[in-house]
Amino acid sequence: MSMINGFTSADATRLSESQRRLIERRERLLGPAYRLFYERPLHTVRGEGVWLFDEQGRRYLDAYNNVASIGHCHPRVVEAMHRQSQVLNTHTRYLQEGILDYAEQLLGTFTDDLDRVMFTCSGSEANDLALRIARHCTGGTGVIITRFAYHGVTADIAELSPSLGSAMVLPAHVRTVRAPDAYRLGAENVASMFAADVRAAIDDLKAHGIRPAAILLDGIFSSDGVLPGPAGCIAEGVALAQAEGLLYIADEVQPGFARTGLNMWGLPGTTCARTSSPSASPWAMASPLPASSGAPRWSITSAGACATSIPLAATRSRVRQVRRCWTSSAKNTCSRGPITLAATCWTA
């Protein structure tokens with residue numbers, strides 16, 4: 001699958017000489033895996049609030065960037081980072097209050113059953129950790145995802161991300177289901193279709209001798225087309241999976257941190273109405289985007305970055321699963337340093 005709104009070499013003829021040289025330099029230094037948006041790539045040099053500015057000073061309303069959820073260069077976030085950088089920045093194997101303050105604030109946005117958080121550097125890592133815990137707790141390997149899912153780039157998670165392209169062949173332990181596309185499938189049909197697809201996926205995994213472990217879903221189904229509803233449309237399918245012993249991992253990378261405008265997390269929002277279906281609550285939550293600009297979202301993992309794109313990710317889960325899986329120490333040197341936590345605590 002190619003990126004629909006992506007730049008290709010055929011578009012280069014429309015660009016200035018300086019733009020072509022910059023793209024050639026980028027390809028030479030970074031390689032072909034780093035793709036660009038738009039037929040005329042945007043050369044950004046500065047951000048402020050909801051605006052991005054290019055090298056010629058032109059201003060663009062940023063309604064697409066998924067890094068800064070409270071705006072670019074928020075002065076209070078910048079000040080919090082600057083103040084902390086003058087004091088301390090280290091890892092978490094010393095006693096510090098900052099990580100505890102943020103963990104309390106973060107967990108306070110969830111229901112009581114999501115009561116532990118483990119920090120990582122990216123959404124990929126958060127989803128990877130959630131998957132590891134799910135496999136350990138269930139003894140299974142099978143995973144259910146949507147047809148055009150994207151959940152990250154670690155070896156295990158890339159296998160669950162068909163939107164990475166044709167080179168990513170789904171392994172034998174993965175099954176896909178249709179996302180709840182009310183526009184194409186009909187709002188009255190998507191809940192029953194989703195549940196039927198989940199049932200068929202579980203049956204097929206078992207028929208091939210594969211024990212299911214998890215169902216991994218992006219609450220807004222962003223790579224499937226940005227599909228926000230109708231309310232409760234995945235609840236029946238998720239409850240069915242849970243009844244079969246699968247753990248539900250909620251990937252909050254895109255809808256988390258109030259990006260949908262209605263709720264702090266996509267989980268209790270229009271796609272999966274927790275209030276109407278408590279049994280569909282997740283076992284883990286993963287949220288790999290900026291914390292002041294994106295944040296965690298599943299009971300097992302959540303990942304985020306601060307408003308200025310300092311990486312922060314986390315895995316939030318129920319204590320019994322963490323205790324069953326994690327008998328060794330958890331280490332991630334860069335995931336929750338004091339500077340990142342100073343920024344995220346201000347916006348939590």
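Me: Taking a disulfide as a pair of cysteine sulfur atoms within 2.5 Å, how many are found in a search of the whole structure?
Reply: Happy to start there, and please keep in mind that this is a predicted model. A disulfide is a covalent bond between the sulfur atoms of two cysteines. With the cut-off of 2.5 Å between sulfur atoms, the number that the search finds is 0.

Me: What is the mean pLDDT of the protein?
Reply: pLDDT is the predictor's own confidence in each residue, on a scale from 0 to 100. A value of 70 or more is reached by 77% of the residues. Averaged over the protein, the pLDDT is 80.

Me: How many contacts beyond near neighbours in sequence does the stretch 268-279 have in the model?
Reply: Here some care helps, since the pLDDT over residues 268-279 is below 50. Where pLDDT is low, the predicted coordinates should not be read in detail. With that caution, the count for this stretch beyond near neighbours in sequence is 33.

Me: And which residues, with pLDDT under 50, have 187 contacts beyond four places in sequence?
Reply: The same kind of caution applies, because low pLDDT means that predicted coordinates should not be read in detail. The pLDDT stays under 50 throughout this stretch, and the model has 187 contacts for it beyond four places in sequence. The stretch is residues 288-312.

Me: How many of the residues in strand β5 are buried?
Reply: A residue counts as buried when its relative accessible area is under 20%. In the protein, 49% of the 348 residues are buried. Strand β5 covers residues 142-146 and is mostly covered, with a buried count of 5 of 5.

Me: Which residues of β5 point the other way from G142, I144 and T146?
Reply: In a regular strand the side chains alternate between the two faces of the sheet. In β5, G142, I144 and T146 point one way, and they are buried. Pointing the other way, and also buried, are V143 and I145.

Me: Which strand is joined to β5 by 4 bridges?
Reply: Strand β5 has a parallel pairing with β7 (residues 212-218) over 3 bridges, where G142 stands opposite P212. In the pairing you ask about, the strands also run parallel, and I145 stands opposite T176. The strand with 4 bridges to β5 is β6.

Me: Is C137 buried or exposed?
Reply: The cut-off for buried is a relative accessible area under 20%, while exposed means over 50%. C73, at 45%, is partly exposed because its value lies between those two limits. C137 has a relative accessible area of 14%, so C137 is buried.

Notes: Residues numbered from 1 in each chain as written. Heavy atoms only, no water. Contact = heavy atoms within 4.5 Å. Buried < 20%, exposed > 50% of the residue type's maximum accessible area, 1.4 Å probe, protein only. Helix = DSSP H or I, 4+ residues; strand = E, 2+ residues; numbered from the N terminus. Pairing = 2+ DSSP bridges.
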